[in-house]
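Good morning, and thank you for making time for this presentation. I should like to take you through one structure, element by element.

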Amino acid sequence: MKILLILVLILPFQSAFGFGKRKPSQINLRSKEEIVFYSKKDIPLSEIGKIDEFQGVLVRESQPLYDLRSADLYKFPSEKKISMSLELCSSYADKIYGDEKKRSLKTVVAPALFQTSVGQACALMLKDSFEDATRPYRFAMVGFVHGRLIALTWNLSDKPTTEMLEDLHNFWKTIK
Amino acid sequence: MKNIFLFTLAFFLSSFCSAEELCFANKTEYEAIKNRLPELLQQVPVFFSAKTKVLFVEVMAAAYVQFDSAGRVRFFFNCTHEVDKPIEETVSVCVDLSSVTFTFDNKKTEKVVLKTNNEVRVRNKLNIKKDSKDEFLKMAKAIEEKLRGSNSQSSSSGNSSSQTEGTIR
C-alpha cells in the first residue's frame, strides 16, 4: 500500500520533469506509414539549438534504419505563399540551419523540387564541415501539405545511399 | 549621508562591472579573454558527463565545448532521455558570472547555469559535471548504444504495442 502511494505521488512529477516514458502527442498530419509524434513540450532537451517553429520529433515506427526513423518536424503557419520554389526552399533551410554563408553546414545537394499529391515540396542535403561530427549529414525536406508549409529534417551518420533518399522521398509523399 | 550614498553607488557600480559578459566565437577571441572567464571555461576543450538517477529513472548525458580545426567553437550534447540524436553545432559563447549562453548558427540561444567550478545545470533539470575526455567518450558511446538499442527494440515489437514501447528511451 505504501509503495503504491509513493508511486502515485511520484509518477506525475516524473512526467512533469520529462524523465519518464515519452507520451505520444496528437498531430494533424497523417501517413500511410505508422508514425508517432512526440511534442517538444514533452521532450524539452531535444529543443536545444532549434528554432521556435520546431514542433517535436516524428518517429516512423516501421523504419528499421536508425538514422531514417526519427525526423524533426517544423511548421511554418505564417508563410503566405502557397507554392514551393527553389528560393523559398533555400530561405527555409537558412531559417532552420542559419545563413548559409556563415553556418558550418554546407549544401552538398542543392535544393530540388518534386511534386506530391498534396502539394509541391523540395529536398536538399547539407554536410557539417566539422571533421569529427558524429552525424555530419543533414537531409531536409520542405513543402506544402494541403497548403500548410512544413519541414522534416534528418541527421545522418553517413552519406545516404540513393535507396535511402528514395525512401525519405517516398515517406514524404505518404504525408497528408 | 552623502558619503553613504556615494559608497552605495560605488558598490553597485563595481558589482555591475564585475558581472560583465565576455564573449567568444573562435579560438583567437577565446585566448584573449580566457583568464577572465569562470574557472570552468578557462581550459577549452572542456568535457562533461553525468550518470544519475532522477526520480528513479537512470539518465546518462555527455557534452563538450571544443574548437574545430578552423578555430570555431563546437557544442555537443547527448542524453538518454528526450534527445534522439546528439545536438552538435557550431556556436558562439557568452559568459557571465552565473551562466553560459550558447548562440547557434540559426541565432537560437541556450543558457546553461554555472552551478560550481566543475558543474553546470541544463534546462533547470539536469546537472552535468566536468570530466575527462576519456570518460566523456565512454559516456557518449554508452548513450549512443542505449539509444540505438531501445530503438531497435521498439521497432521489433508488434504493431499494436509498438507505439507504447517506442516511447521508452
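Let me begin with a term: two strands are said to pair if DSSP finds at least two bridges between them. By that criterion, β3(A) and β7(A) are paired, in the antiparallel sense, over five bridges. Within this pairing, D72(A) stands opposite T153(A) of β7(A). Please bear in mind throughout that this is a predicted model.

First, the confidence figures. The predictor assigns the complex an ipTM of 0.86 and a pTM of 0.84. For chain B, the mean pLDDT is 83, and 76% of its residues reach 70 or more. Residues 154–169 of chain B have pLDDT under 50, and for this stretch the model has 26 contacts beyond four places in sequence.

Next, the two chains in outline. Chain A contains four helices and seven strands, and from the N terminus its elements are ordered α-β-β-α-β-α-β-β-β-β-α. Of its 176 residues, 39% are buried. Chain B contains four helices and nine strands, in the order α-β-α-β-β-β-β-β-β-β-β-α-α. Buried residues account for 33% of the 169 residues in chain B. If we take contacts with a separation of 6 or more, residues 24 or more positions apart supply 43% of them in chain A and 42% in chain B.

I shall spend the rest of the time on chain A, returning to the strand with which we began. How much of β3(A) is buried? Strand β3, residues 70–76, has five of its seven residues buried, so it is largely enclosed by the rest of the structure. Besides its pairing with β7(A), β3(A) is joined to β2(A) by five bridges, and these two strands also run antiparallel. Here V57(A) is the residue opposite D72(A). D72(A) thus faces V57(A) in one pairing and T153(A) in the other.

A further antiparallel pair is β4(A) and β5(A), joined by nine bridges. These strands form a hairpin with two residues between them, and F114(A) stands opposite A121(A) in β5(A).

Now to the helices, starting with α3(A). The 12 residues of this helix, 86–97, should span 16 Å at 1.5 Å a residue, and its end C-alpha atoms are indeed 16 Å apart. Which residues of α3(A) are buried? They are L88(A), C89(A), Y92(A), A93(A), I96(A) and Y97(A). These cover an arc of only 150° around the axis, and therefore lie on the same side of α3(A). On the other side, E87(A) and S91(A) are exposed. The buried residues of α3(A) pack against β3, β4, β5, β6 and β7 of chain A. Just after the helix, G98(A) adopts a positive phi of about 105°.

Helix α4(A) may be described in the same terms. It comprises 13 residues, 162–174, and reaches 19 Å from its first C-alpha to its last, close to the 18 Å expected at 1.5 Å a residue. Its buried residues are L168(A), F171(A) and W172(A). They cover an arc of only 100° around the axis, which places them on the same side of α4(A). T162(A), E163(A), E166(A) and N170(A), on the other side, are exposed. The cover over the buried residues of α4(A) includes β2, α2, β4, β5, β6 and β7 of chain A.

This brings us to the core. The largest nonpolar core has 78 residues, and those with the most contacts inside it are A140(A), M141(A) and A151(A). What does A140(A) touch, residues up to four places away in sequence aside? Its contacts are A93(A), I96(A), A123(A), L124(A), A151(A) and T153(A). Two of these names have already been mentioned: A93(A) and I96(A) are among the buried residues of α3(A). T153(A) is the residue that stands opposite D72(A).

Finally, a residue in a loop. S25(A) is situated between α1 and β1 of chain A. With 15 C-beta neighbours inside 10 Å, S25(A) counts as partly exposed. Beyond its neighbours within four places in sequence, S25(A) is in contact with F37(A), Y38(A), S39(A), D42(A) and G56(A). Of these, Y38(A) is 13 residues from S25(A) along the chain, and the two C-alpha atoms are separated by 5.4 Å.

That concludes the presentation; thank you for your attention.

Technical notes. Residues numbered from 1 in each chain as written. Chains lettered and ligands numbered in written order. Predicted model: local features only at pLDDT ≥ 70, side-chain atom pairs only at ≥ 80, totals over all residues. Core = buried A, V, L, I, M, F, W, Y, C linked by C-beta atoms within 7 Å. Buried ≥ 20, exposed ≤ 12 C-beta atoms within 10 Å, placed from the backbone. Contact = placed C-beta atoms within 7 Å. pLDDT = per-residue confidence, 0-100. Expected span 1.5 Å × (residues − 1). Arc of directions from axis to C-beta.
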